Amino acid sequence: LVAALAVAGCQTAATETDRAARIVDPDDTSRAALQQAVNGALNTNVTLADDALTESSLLVIERSPPPSMQGLPAQGRNMDEPFQFRLVINADDCILIDLRDRSRYVLDNTKCEAE
């Protein structure tokens, strides 16, 4: 119950005032907020570039290919759909939206501006 309430507290309701946004003036704190939101949404640890969401409001994360028996990435096509997130600004909040289920994560200590 506590975990469910904590997740619900990180989410805000979608409104008509959402505008596509990008992160401006990223720093270690804002990068950590983004990393935590993505890791929480995907329930795993991912590697994000330092400039993630600074040029575009869309963040696409592809699955890593499984390793071959030699430990190298397996060859062939990966048919898994990539994960997609959209950054929006609503009032003064930067909100990351998981496009799979429209769940929303407020990015604390993050400055963003409308695209």
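**Figure 1. Strand S4 and its surroundings in the predicted model.** Strand S4 covers residues 93–98, and because five of its six residues are buried, the strand is largely enclosed by the rest of the structure. In a regular strand the side chains alternate between the two faces of the sheet. In this predicted model, S4 pairs with a strand on either side of it in sequence, namely S3 and S5, and these two pairings are the topics of the next two views.

**Figure 2. The hairpin of strands S3 and S4.** Strand S3, made of residues 83–90, pairs with S4 in the antiparallel sense, and six bridges join the two. Within this pairing, Leu-87 is found opposite Leu-96 of S4. Two residues lie between the strands of the hairpin, where Ala-91 adopts a positive phi near 60 degrees.

**Figure 3. The hairpin of strands S4 and S5.** S4 and strand S5, the latter formed by residues 103–106, run antiparallel and are joined by four bridges, with Asp-98 standing opposite Ser-103 of S5. Four residues separate the strands of this hairpin, and in the turn Arg-102 has a positive phi of about 65 degrees.

**Figure 4. Leu-99 in the loop between S4 and S5.** Is Leu-99 buried or exposed? Its relative accessibility is 25%, and a residue counts as buried under 20% and as exposed over 50%, so Leu-99 is classed as partly exposed. When neighbours within four places in sequence are set aside, the contacts of Leu-99 are Leu-58, Gln-84, Phe-85 and Arg-86. As for Arg-86, it lies 13 residues from Leu-99 along the chain, while the C-alpha atoms of the two are separated by 6.9 Å.

**Figure 5. Helix H2 and the strands that cover it.** Helix H2 consists of 15 residues, 28–42, which at 1.5 Å a residue should span 21 Å, and this agrees with the 21 Å between its end C-alpha atoms. At the start of the helix, a side-chain oxygen of Asp-27 comes to within 3.1 Å of the backbone nitrogen of Thr-29, whereas after the helix comes Asn-43, with a positive phi near 55 degrees. The buried residues of H2 include Ala-33, Leu-34, Ala-37, Val-38 and Ala-41. An α-helix has 3.6 residues a turn, so residues three or four places apart point the same way. Among the elements that cover the buried residues of H2 are strand S1 (19–23), strand S2 (58–61), S3, S4 and S5.

**Figure 6. The largest nonpolar core.** This core contains 23 residues, and those with the most contacts inside it are Leu-34, Val-38, Ile-61, Phe-85 and Leu-96. Two or more residues are given to the core by each of S1, H2, S2, S3 and S4, and the largest share, six residues, belongs to H2. Taking Val-38 as an example, and not counting residues up to four places away in sequence, this residue touches Val-46, Leu-48, Leu-59, Ile-61, Phe-85 and Leu-96.

**Figure 7. The chain as a whole, for orientation.** The views above belong to a chain with two helices and six strands, which follow one another along the sequence in the pattern α-β-α-β-β-β-β-β. Of its 115 residues, 31% count as buried, and the chain exposes about 7800 Å², of which carbon and sulfur atoms supply 50%. Among the contacts with a separation of 6 or more, 57% join residues that are 24 or more positions apart.

Note on methods. Residues are numbered from 1 along each chain as its sequence is written. This is a predicted model: local features need pLDDT of at least 70, side-chain atom pairs count only at pLDDT 80 or more; totals for chains, interfaces and linings use all residues. Side-chain values use heavy atoms; hydrogens and water are left out. Buried means under 20% relative accessible area, exposed over 50%, partly exposed in between (1.4 Å probe, protein chains only). Two strands pair if DSSP finds at least two bridges between them. Contact means heavy atoms within 4.5 Å. Accessible areas come from the Shrake-Rupley method with a 1.4 Å probe; for residues, only the protein chains shown count as cover. The expected span of a helix is 1.5 Å times one less than its number of residues. A polar contact is a pair of N or O atoms within 3.5 Å; within protein, one must be able to donate a hydrogen and the other to accept it, and residues adjacent in sequence count only if both atoms are side-chain atoms. A nonpolar core is a set of buried Ala, Val, Leu, Ile, Met, Phe, Trp, Tyr and Cys residues joined through side-chain atoms within 4.5 Å.
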